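Thank you for making the time this morning. I would like to walk through one model with you, going from the chains as wholes down to a single residue.

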Amino acid sequence: MKHISLFYILLFSLFCTAQKDNDSNQLRENHYEILNAFINQKYNHEKTIYINKNIVQKKYSSNFKIKYNKLLNIYKNADSICNSSLDTLSMRINCKKAYFNEKYVGLLEDTDLDFFEKTSNRNFKERQVIDTKKLIDISSKIINHTEKFYKEEHKNLNFKETPSLKIHGFYFSENKNLVLIAYMMFPLSLRNGLEYGILKKEKGIWWRFIGSVGIDKTIISHQ
Amino acid sequence: MKTTQKNTFKRIVYVVFMALLITSCERDDTEFTDSSQTETKGFTVKSVTLNEVKGNTLIKKSLDLIDSQFDFNKFNTTMASKNQGTYSRATSADPITSNDNSFTILTDEILEVSTDTTKVYTFRIETPTKPESHFENFVIHKKSNDSIEYYIYRYQKIGLGLKDLNMSKEQVSSDQINASDFDDYTQSKMFYDYANNCWISVSVVNGILIIDASDCFIASSGDGSGTGSGFSFGPWAITGVTENDICIISRALLDAYGNVRYDQDGDPMYQTAFVDCPDSGTSSSDLDQDNPWGNSNTDPNYDPLHNSSGGGGSSSGNANGDDPLENIIIAVLPSRLDRETDAFFDNLTDEQKECLNPNSGQAHYSTVKDITAYFENNQATGGTGYDDPVINPQATTLATAAIDAMCNGVGENFQEALDIVISLIIEDEIVDANLDDCSKGILGELKTLQSTDIAEVIKRFGDLNAPYDWEIKTETPTNPNHAAETNWVLDSNGQGTPYDYLTVIDPTYKNQATKIAVARTILHEAIHAYILSYVDDVIENNTDSTIINNFQDNFPAVWNFYVAQENGVAVGNIEDAHHEQMAASFIEIIGDALAEYDNNQQDSTYYEHLAWGALYNTDAWISAQGPGGYIDFNEAEAIVIANNQEDTNGAAANGSPCP
């Protein structure tokens, strides 16, 4: 009985740790590690990036599950055509598409997707402040916004300090080997809206950027 | 010193290669050789600045006397020049316009023709004072008795050849001239070499004379300096003058066909040398080691620059004591833009000319003016090659099509015809290959609508020079409940492709709706794509405040959505924002377009009702029904019914379904 209790306590404690990561608005070393890796790999082509120091964690969007499954379907269809088509042009398009989307296969299980939904289910009101000095790997790339920017950001769009990265949340998987980072990169966000970057921890040491998925509805419909 | 000079020269030659000059060409009328100063048959021709004109004491005195009598307005313009290798503006000079606008003198090309006792200065007049003139010059003639006379020389074309000109003179009262504004001009001139059928430009850049004959057809005539090995040299030309008055001469290496040879880097091959300028009278004994007279393997001992029997003799004055300038005309010819414009009219078919100018002359002149202005505003930009046309080729194509349209009775004038042509030709750029036949037919009719606002919307995607691509096709939408969807074309990561828009129309919808409902749907989706194209403009030009302000001013609902989105407080989605904007700004536009499409068979209110389709939940809809709004309950109901009937081809629908 004692052992069973200990086992439950351990299990509960592990679950709570992961849940705490998602149900928290506190930035820890882990978050800075992820931010460093994300900006370094996703925006390695950008010479400089403004970073919005404020983070107000948003709840996880269930649209991610839809979009992720769509990527898997794209891979499946493309791979199928790639392996069966006799048309060179079609093969060229689909084999390439399959190759670039294969990275999503097996990356997330339904349990992971459910975990995100279950543990990141509220919008925070309190804001956290990114200490850009902790973004050591990318310090030469990062520029802090001016005070004027923060004063006016709720009133208007600022095209003078771009590109500007704004983080809207971190969502960890249960085993904490995978994280989704919600972000918008202005002004591209006018077209792409909110995106989730997917990062996977490799060998328990470093974070690898897998890809980005658009979350916002962008379809403009008639009726 | 010489090495520096050579390097400087080589740099210049790399930009503007000027090799072949017609030092040995003999002509009866006016002969130019290879200098800014050309002496022949008792007179000298050179390109001068206006300050030099005023430097002549007698002329200045005369000009100063009349200085107060006329007030001239200066305005800025730029002139095309060939001398930079591209058609960038090499010189800028202020033309001078009289108050009565009788003529405008262009002052960037001035020729001075002089004898020992007389001088003539010739300027180009911007727009001919007579419609029949091909071009006109303004001429100041200082006579041997020191009197000054002013003329307008008019050149009328009597044939297709450049020499087929009739010339007439009109003396201008000295009271009409005020030279006080003649300042700051750059020397340049251009003349036609009949022997080689080419234009030669002469100008001064950074103190170095540039004679640019690179568009000449280079015949093997040259100076006879064949090498016997399949190539030869062109004639020597003075291609520059150093600050120490040392002349730089060059000649091009020609292939067996007389064309300029190029090295592996694509640069023209040439020989060059530094020599004393002809008028210094020095011999060629001190020539540089590269001196082609000294080391050429050809037979170039003939020195065109010092040979009195050649084209560049040193004689001056007139043995008979007469003023040869009384009978010699040296014209400042039209600009390259003007020449291309003239060529455009020359190349029109007889039918086109006939229908443009049906025995009256006036209509033709008016059209010529319109087309000339159109070409002036549609010149090729950036990176235009030396031999490429200075007028945007698309402009000439469209102008030709507009003339054809006018000949077929389309449009009251050139501009109207052009607008119609653009609406017909350019809008075909909208991709509809995968659209069902019925919708394609409807789209085709919508493209030709003349309602200004909707034409603007559709035209945006069809402009050949614009980056926006819009494809519309029949396909099941992402959401099967939607009649149609528009979005950016998405890449494999689901991200939008800049400037690429796709509209899909549900095949079920087009089968169940009336044609006017399909037309409304296409217009509705066109406006979505239209707004997306402005979003792209902002993203891709995010440092251009004009573009950003324009977007904010014209699409405030969409702008406000983005402000909220960036701050994480957006309510609804971008689709809602588009619909808000559409309800606020596009109802009337869609209504007018539908009325025109349907030949106004219904009351205008009906079309406006249809325009409200899919916009029922917008703030604009709600406020239109609120206190003070213009839609009452009955009308709101009528709007819903009209849309429902047309969307389903109901019993009360006014439209007819696709076959």
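Two residues are taken to be in contact here if their C-beta atoms, placed from the backbone, lie within 7 Å. With that in hand, and bearing in mind that this is a predicted model, let me begin with chain B, where, among contacts between residues at least 6 apart in sequence, 60% join residues at least 24 apart. Chain B has 659 residues, of which 40% are buried, and its secondary structure consists of 20 helices and 21 strands. For chain A, the corresponding share of contacts joining residues at least 24 apart, again among those between residues at least 6 apart, is 63%; here 31% of the 223 residues count as buried, and there are 7 helices and 9 strands.

Turning to where the chains meet, 34 residues of chain A are in contact with 35 residues of chain B. On the chain A side, at least two residues each come from helix 3 (63–84), helix 4 (88–101), strand 6 (178–186), helix 7 (189–192), strand 8 (206–214) and strand 9 (220–221). By character, that side of chain A comprises 13 nonpolar, 14 polar and 7 charged residues.

Let me now go inside chain B. Which residues of helix 10, residues 437–447, are buried? They are Ser439(B), Ile442(B), Leu443(B), Leu446(B) and Lys447(B), and because they cover an arc of only 140° around the axis, they sit on the same side of helix 10 of chain B.

Further along chain B, helix 18 (residues 604–611) packs against helix 20 (residues 633–648) at an angle of about 80°, with the axes 8 Å apart, so the two helices of chain B are roughly perpendicular. Helix 18 of chain B contributes Tyr606(B), His609(B) and Leu610(B) to this contact, while helix 20 of chain B contributes Ala638(B), Ile639(B), Ala642(B), Asn643(B) and Glu646(B); taken together, these residues divide into 5 nonpolar, 2 polar and 1 charged.

Finally, I would like to return to chain A for one residue, Tyr104(A), which lies in the loop between helix 4 and helix 5 (110–119). Tyr104(A) counts as partly exposed because it has 19 C-beta neighbours inside 10 Å, whereas a buried residue would need 20 or more. Setting aside neighbours within four places in sequence, Tyr104(A) is in contact with Tyr68(A), Leu71(A), Leu72(A) and Tyr75(A). Of these contacts, take the one with Leu72(A): the pair is 32 residues apart in sequence, yet 6.7 Å apart in space, C-alpha to C-alpha.

How values were computed:
Residues numbered from 1 in each chain as written. Chains lettered and ligands numbered in written order. Predicted model: local features only at pLDDT ≥ 70, side-chain atom pairs only at ≥ 80, totals over all residues. Helix = DSSP H or I, 4+ residues; strand = E, 2+ residues; numbered from the N terminus. Nonpolar A, V, L, I, M, F, W, Y, C, P; charged D, E, K, R; others polar. Buried ≥ 20, exposed ≤ 12 C-beta atoms within 10 Å, placed from the backbone. Arc of directions from axis to C-beta. Axes fitted to C-alpha atoms, helices over the stretch in contact; angles between N-to-C directions. Parallel < 35°, antiparallel > 145°, perpendicular 65-115°, else oblique.
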